[in-house]
Amino acid sequence: MRAAGAPPDAAAGITTRCADETRKLGRRCGGLISSPLVLFLLGDLGSGKTMFVQGLAGGLGVPDDGYVTSPSFTIVNEYPGRLPLYHIDLYRLETGLDPEDLGLHELLHGDGVAAVEWAERLPAGAAAERLEIRFEIQADDSRALQLGAYGQAAASLLKALDRSAGGSP
């Protein structure tokens, strides 16, 4: 088990200039994912987390009629694709919640891709292997994304993302 606060196995920084670029980055990620993975999406309201998940869904082959919206009130939306996509939104929940209480443990360690908005509300160690993406709104309305890979699957995704972009994720 990785110690809390340990540095990521791999990291990258990406800037998207508009919502469409954020969606396209999500689609590229989704297209490259070939096995179950957890993504922690961190950032303020309106920073692009749901836009990213919309693209991720497209890359995972979620049908176009499965329009992706933030599950703020339902907590989890599930979408069928090459791998199931579990879109989890913890915005309305308290920090330090126990994933077992909500049945999230199965989703975070299951057979699909779990994209968790407001993942900072989970306790440390909820998913030791994951890709963390921190979204920051910039003064020019672009988004600065900091990606940190914890574990081999997430590090492999970052490398593949880098290769697919010709050296710039």
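A residue counts as buried when its relative accessible area is under 20%. Keep that cut-off in mind as we walk through this predicted model.

**Stop 1: the whole chain**

Start with everything shown as a cartoon. You should find five helices and seven strands, and from the N terminus on the elements run β-α-β-α-β-β-α-α-β-β-β-α. Of the 169 residues, 49% count as buried. Switch on a surface if you like: the protein exposes about 8,300 Å², and carbon and sulfur atoms supply 50% of that. Among contacts with a separation of 6 or more, 64% are between residues 24 or more positions apart.

**Stop 2: helix α2**

Now select residues 49–59, which form helix α2. Is this helix enclosed or open? Nine of its 11 residues are buried, so α2 is largely enclosed by the rest of the structure. To see them, colour Lys49, Thr50, Phe52, Val53, Gln54, Gly55, Leu56, Ala57 and Gly59. Then bring back their cover, which includes α1 together with the strands β2 (37–43), β4 (85–89), β5 (113–117) and β6 (130–137). Before leaving, click on Gly61, just after α2, where phi is positive at about 85°.

**Stop 3: α1 against α2**

Add residues 19–32, helix α1. Two packed helices are described by the angle between their axes and the distance between the axes. Here, α1 and α2 pack at an angle of about 40°, with their axes 6 Å apart. That angle makes α1 oblique to α2, and the crossing is right-handed.

Which residues meet at this contact? Show side chains for these two groups:

- From α1: Ala19, Thr22, Arg23, Leu25, Gly26, Arg27, Cys29, Gly30 and Gly31.
- From α2: Met51, Phe52, Gln54, Gly55, Leu56, Gly58 and Gly59.

By class, this contact has six nonpolar, eight polar and two charged residues. Glycine is counted among the polar ones, so look for Gly26, Gly30 and Gly31 on the α1 side and Gly55, Gly58 and Gly59 on the α2 side.

**Stop 4: α1 against α5**

Keep α1 on screen and select residues 152–164, helix α5. This pair packs at an angle of about 120°, with the axes 10 Å apart, and that makes α1 oblique to α5. Here too, α1 makes a right-handed crossing. Leu25, Arg28, Cys29 and Leu32 in α1 meet Leu157, Ala160, Leu161 and Ser164 in α5. By class, the contact has six nonpolar, one polar and one charged residues. Leu25 and Cys29 of α1 also appear in the list for α2.

**Stop 5: Leu32**

Zoom in on Leu32, which belongs to α1. Its relative accessibility is 31%, so Leu32 counts as partly exposed. Leaving aside neighbours within four places in sequence, Leu32 is in contact with Leu157, Ala160, Leu161 and Ser164. Try drawing a distance between C-alpha atoms: Leu32 and Ser164 are 132 residues apart along the chain, yet the separation is 9.0 Å.

**Stop 6: two loop residues**

Finally, select Trp118 and Asp141. Trp118 is in the loop between β5 and β6, and its phi is near 65°, a positive value in a residue other than glycine. Asp141 is in the loop between β6 and β7 (143–150), with a positive phi of about 75° although it is not a glycine.

Which is buried and which is exposed? Trp118 is buried, with a relative accessible area of 10%, whereas Asp141, at 53% relative accessibility, counts as exposed.

Terms used: Residues are numbered from 1 along each chain as its sequence is written. This is a predicted model: local features need pLDDT of at least 70, side-chain atom pairs count only at pLDDT 80 or more; totals for chains, interfaces and linings use all residues. Side-chain values use heavy atoms; hydrogens and water are left out. Axes are lines fitted to C-alpha atoms, for helices over the stretch in contact, and angles run from 0 to 180 degrees between N-to-C directions. Helices (H or I, at least four residues) and strands (E, at least two) are DSSP runs, numbered from the N terminus. Angles under 35 degrees count as roughly parallel, over 145 as roughly antiparallel, 65 to 115 as roughly perpendicular and the rest as oblique. A crossing is left-handed if the near helix is turned anticlockwise from the far one by less than a right angle, and right-handed if clockwise. Contact means heavy atoms within 4.5 Å. Buried means under 20% relative accessible area, exposed over 50%, partly exposed in between (1.4 Å probe, protein chains only). Accessible areas come from the Shrake-Rupley method with a 1.4 Å probe; for residues, only the protein chains shown count as cover.
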